[in-house]
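Reader: I'm new to this one. Can you show me the structure and explain what the labels rest on?

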Amino acid sequence: MGSLAAWLWLLLGQGFFWRTDLRLPPRREPDDWPSVCVVVPARDEAAVLPESLPSLLAQDYPGRAEIFLVDDGSSDGTGELARELARTHGGLPLTVGSPGEPPAGWTGKLWAVRHGIGLAHARGPEYLLLTDADIAHAPDSLRTLVAAARTGGFDLVSQMARLRVESVWERLVVPAFVYFFAQLYPFRWIAVKGSRTAAAAGGCVLLRADAAERARIPDAIRHAVIDDVALARAVKGSGGHIWLGLAERVDSVRPYPRLHDLWRMVSRSAYAQLRHNPLLLLGTVLGLAVVYLVPPVALFTGLFSGHTGIAAAGGLAWLLMTATYLPMLRYYRQPVWLAASLPVTAFLYLLMTVDSAVQHYRGRGAAWKGRTYARPDTALDEH
């Protein structure tokens, strides 16, 4: 009954997080197009750059725009490949910079972002587009982002890129990743001025340059492992108006073919999300168990033991769970029968979260692309 009550509350009281119809807000094209600098932090991204960088170079933007790709100590020729792609494809001007190793207290990505913003500062842009090296943009992506920001008066507009869903494990894990993110940070609450909920999707963030300066981005969040949430919180906390929604033609081209790849993606920051707090970890494990694992267990236990009340409560909770997951599966163009497998996926996420804590206490911290960040992430949203 507790699980059923939780699902009734999630269905109606958590910002309708399960709906996937929140796309870029209504917009009109401005009379004068502001200048934009695109900052792309990249570390060992030679495998994905041929699919992503040409989409940025080919942006159909009426104003002045320039790309700054920051090669963050790559060992696979990322910087030279970027220059070659720019020579081959043409399009927007590209500058490749290198910041050197990050000093103590900085995560590598944010140190690279700082270097890119520093290079862009000389151009005096009105907006910064922070985008990852694995994100492919439709030709009008920058144009529509700027129009939405200008029309709505937003200081930050972010789109959750559509992640790749091709392998068996991607089908099982990836849609749930976005579903759980939206459950933690309901998109409709993010755009409400004065609300505590703040989040962004790091792969696609359009940010007013003066808002970044006011919020001291990225210096104020230099140690953040979950940098997109920390960035959004800093901007909103400094009085900025922010927006986050799902993308239609902004896609991640990074593959996660094996469970191991997805496991690393989640576990590297899961315990940081819980502020490295053992009590929050215990509460999260118990919460996942009650909300996601109890319904199928109650259904089958009730059916086999003849307790129809238990079976009915468990079955109804599982039905509500399945119904809230269907819109995300449709967004990712996946078969609807996968909705019933959400308890299995939730159990995997439970194990990933526990593993994240185990790695932290073994002194490994949050590891990514050869770097380990052991310092707790104190810049996280406390939603």
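Author: Sure. Domain bounds come from an automatic or database domain assignment. This is a predicted model, and its assignment gives domain 1 as 1-13 + 261-359 and domain 2 as 19-257.

Reader: What makes the two domains count as being in contact?

Author: Contact needs heavy atoms within 4.5 Å. Here 30 residues from domain 1 and 28 residues from domain 2 take part, so by that cut-off the two domains do touch. Their centres, taken over C-alpha atoms, are 30 Å apart.

Reader: How much area is buried between domain 1 and domain 2, and which three residues of domain 1 supply the most?

Author: About 2700 Å² is buried, with 68% of that given by carbon and sulfur atoms. On the domain 1 side, Leu262, Tyr331 and Tyr332 supply 27% of the area buried against domain 2, more than any other three residues.

Reader: How do you know how many salt bridges cross the interface?

Author: A pair counts if a side-chain nitrogen of Lys or Arg lies within 4 Å of a carboxyl oxygen of Asp or Glu. Across this interface the rule finds 0, so no pair there gets the name salt bridge. Polar contacts are another matter: 11 residue pairs, both at pLDDT 80 or more, are found.

Reader: Which helices build the domain 1 side?

Author: Helices H1 (2-13), H10 (259-273), H12 (308-331) and H13 (342-361) each give two or more residues. H10 has the largest share, with 8 residues.

Reader: What kinds of residues make up that side?

Author: It divides into 20 nonpolar, 7 polar and 3 charged residues. Tyr is classed as nonpolar, so Tyr331 and Tyr332 fall under that heading.

Note on methods:
Residues are numbered from 1 along each chain as its sequence is written. This is a predicted model: local features need pLDDT of at least 70, side-chain atom pairs count only at pLDDT 80 or more; totals for chains, interfaces and linings use all residues. Side-chain values use heavy atoms; hydrogens and water are left out. Buried area is the accessible area (1.4 Å probe) that two parts lose on being put together, summed over both. A polar contact is a pair of N or O atoms within 3.5 Å; within protein, one must be able to donate a hydrogen and the other to accept it, and residues adjacent in sequence count only if both atoms are side-chain atoms. Helices (H or I, at least four residues) and strands (E, at least two) are DSSP runs, numbered from the N terminus.
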